[in-house]
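Subject: Handing over the structure

Hi,

Here is the structure I promised to pass on to you. Have it open while you read the rest of this email.

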Amino acid sequence: MSFTFAIIGRPNVGKSTLFNRLVGQKLALVDDTPGVTRDRREGQGKLGDLEFTIIDTAGLDEGAKGSLVARMQEQTEAAIALADALMFVIDARAGLTPNDRAFADFARRANKPVILVANKSEGRHGEIGAMESYALGLGDPIQISAEHGEGLSDLYDALRAVMPEPDVLFDEDDDVEGVSEEDFSTRPIRVAIVGRPNAGKSTMINHLLGEERLLTSAEAGTTRDSISVEVDYKGRQFRIFDTAGLRRRSRIEEKLEKLSVADALRAIRFAEVVVLMMDSQNKFEEQDLRIADLIEREGRALVIAVNKWDLMGKQASLVAGLRADVDHLLPQVKGVPIVAVSGLMGEGIDRLMKAIEDSYAVWNRRVPTASLNRWFEQAVETNPPPAVSGRRLKLNYVTQAKARPPSFIVFCSRADAVPESYLRYLVNSLRAFFDLPGTPVRITLREKANPFAHKRRRPN
């Protein structure tokens, strides 16, 4: 197992900036507002030839009170328990504060190697603050600037000193070439859970994990970062992303919420299956439909989960009504799986995970060319394309360009003249014929080259 570092410290000292620097990408949200990070976030860090797991944690403010703050502290304590060593970060420009001293004692009590990192050490003020940190009794401070990438060679030496010697991974005689591409049937399915604020996304994931891994609260907007967790469900691997609630753009005012929404949108683009979670008592609001349309436009497999179903009572007619509502309101993803769940009670979890697997399989499906063209001939014969400006449109043949999502190319005589309504007919017919429920289906028109174009008579 990879050596693990937890980054700890008071709010706004640059822990998430250092995390992003070490993982090599902007995974954690960064803002001047203290307390942006709430959940713990894990990533694969690299510095030189060192590779390790790194955990970003919530900044702990000793004076702050409240149940949410208490759960943030629990998340940080869980990260410390998982870690092999700690990076204790202070703000060198601000100098030592009482909170720094309190959490230095907290770090010592963990009885694990502690690397003291004096961040924001650039400039004269940073140098003075770094010197003050000797008073913490945690050894020599490593002076860095996570934002500008300064001092990383000193940080490398400090990490190297506490990490074990690397294992020999292979001998010279090992054959490391010819490794086949990872099979889609065994690799983890990337799943993003999205929806409006307070729909119960984090509660659902916690039930899957069997632990309070993600912060939950009755307060809307508890989740800010898109946090990924690994889930092994009945032998199948999933990588699930919890995301911030998506409100209407006109209601998003704070910069921090804009960053959270952008992070959620990145999670959708990175995912393979997206679960749109709705509140059973406020389902199919305009924002739900906008999110579903966004997922379809991004070309991701979609599953709709209607949460808090335990509050609706045992009424079979309600489930049937969901199906009719979805097919009417979201015709672009007709047949999309709908699952009634209760994240709090754990009801419907098996059905949800099965729906995710089924949607993933459909999203990856390739249709045999012979069957595809038999369908195409039948579809065009049943409903020929309309004539445009008195000229008949000729559709020649179809081929599948790719899967993920299923995408097809139709070769025809006049691509720009084919009406959108006829394209929708082809998509719906293909979806029904090959049983492609819910997943986006793409059909692109391409004009077939005219073999007689070069024989046209030139004017005298």
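Below is what I found, going region by region.

Before you start, please keep in mind that this is a predicted model.

**The strand 4 region**

Let's begin with strand 4, which covers residues 85-91. Seven of its seven residues are buried, so strand 4 is largely enclosed by the rest of the structure. In a regular strand, side chains alternate between the two faces of the sheet. You can follow that here: Ala85, Met87, Val89 and Asp91 point one way, while Leu86, Phe88 and Ile90 point the other way. Both sets are buried.

What does strand 4 pair with? Strand 1 (residues 4-8) runs parallel to strand 4, and four bridges join them. Phe5 has Ala85 as its bridge partner there. Strand 5 (residues 114-119) also runs parallel to strand 4, this time with six bridges. Look for Met87 standing opposite Ile115 in that pair.

Helix 1 (residues 15-23) belongs in this part of the story too. Seven of its nine residues are buried, so helix 1 is largely enclosed by the rest of the structure. The buried ones are Lys15, Ser16, Leu18, Phe19, Asn20, Leu22 and Val23. And what covers them? The cover includes strand 1, strand 2 (41-47), strand 3 (50-56), strand 4, strand 5 and helix 5. Right after helix 1 comes Gly24, with a positive phi near 85 degrees.

**The six-stranded sheet**

Next, find the open sheet of six strands, ordered 8-9-7-10-11-12 with mixed pairing. Its edges are strand 8 (227-233) and strand 12, each of which pairs on one side only. On average, neighbouring strands in this sheet are turned by 25 degrees against each other, ignoring direction. If pairing is new to you, strands of a sheet pair through backbone hydrogen bonds, either parallel or antiparallel.

One pair to look at is strand 7 (residues 189-195) with strand 10 (residues 273-279), which pair in the parallel sense over five bridges. Ile193 has Val275 in strand 10 as its bridge partner.

Which helices lie across these strands? Helix 8 (residues 286-297) lies across strand 7, strand 10 and strand 11 (301-307), at about 175 degrees to strand 10. Helix 10 lies across strands 7, 8, 9, 10, 11 and 12, and runs at about 165 degrees to strand 11.

Two residues here are worth clicking on. Arg187 sits in the loop between helix 5 (152-162) and strand 7. Is Arg187 buried or exposed? Its relative accessibility is 13%, and the cut-off for buried is under 20%, so Arg187 counts as buried. Its side chain makes a polar contact of 2.4 Å with the side chain of Glu272.

The other is Ser342, in the loop between strand 12 (338-340) and helix 10 (349-363). Ser342 has a relative accessibility of 1%, so it counts as buried. Leaving aside its neighbours within four places in sequence, Ser342 touches Met204, Asn307, Lys308, Trp309, Asp310 and Glu347. A polar atom of the Ser342 side chain lies 3.2 Å from the backbone nitrogen of Met345. Try selecting the C-alpha atoms of Ser342 and Val306 as well: they are 36 residues apart along the chain but separated by 8.1 Å.

**The three-stranded sheet and its helices**

Last stop: three strands form an open sheet in the order 13-14-15, again with mixed pairing. Strand 13 (395-402) and strand 15 (442-447) are the edges, each pairing on one side only. The twist averages 25 degrees from one strand to the next. Strand 14 (residues 407-412) runs parallel to strand 15, joined by six bridges, and Ser407 stands opposite Arg442.

Helix 11 lies across strand 13 and strand 14, at about 140 degrees to strand 13. How does helix 11 (residues 369-382) pack with helix 12 (residues 420-433)? The angle is about 130 degrees, and the axes are 11 Å apart. That angle makes helix 11 oblique to helix 12. The crossing is right-handed. Among the residues that meet there are Leu372 and Trp375 from helix 11, and Tyr422 and Tyr425 from helix 12.

Have fun exploring!

Definitions and conventions:
Residues are numbered from 1 along each chain as its sequence is written. This is a predicted model: local features need pLDDT of at least 70, side-chain atom pairs count only at pLDDT 80 or more; totals for chains, interfaces and linings use all residues. Side-chain values use heavy atoms; hydrogens and water are left out. Helices (H or I, at least four residues) and strands (E, at least two) are DSSP runs, numbered from the N terminus. Buried means under 20% relative accessible area, exposed over 50%, partly exposed in between (1.4 Å probe, protein chains only). Contact means heavy atoms within 4.5 Å. A polar contact is a pair of N or O atoms within 3.5 Å; within protein, one must be able to donate a hydrogen and the other to accept it, and residues adjacent in sequence count only if both atoms are side-chain atoms. Two strands pair if DSSP finds at least two bridges between them. Axes are lines fitted to C-alpha atoms, for helices over the stretch in contact, and angles run from 0 to 180 degrees between N-to-C directions. Angles under 35 degrees count as roughly parallel, over 145 as roughly antiparallel, 65 to 115 as roughly perpendicular and the rest as oblique. A crossing is left-handed if the near helix is turned anticlockwise from the far one by less than a right angle, and right-handed if clockwise.
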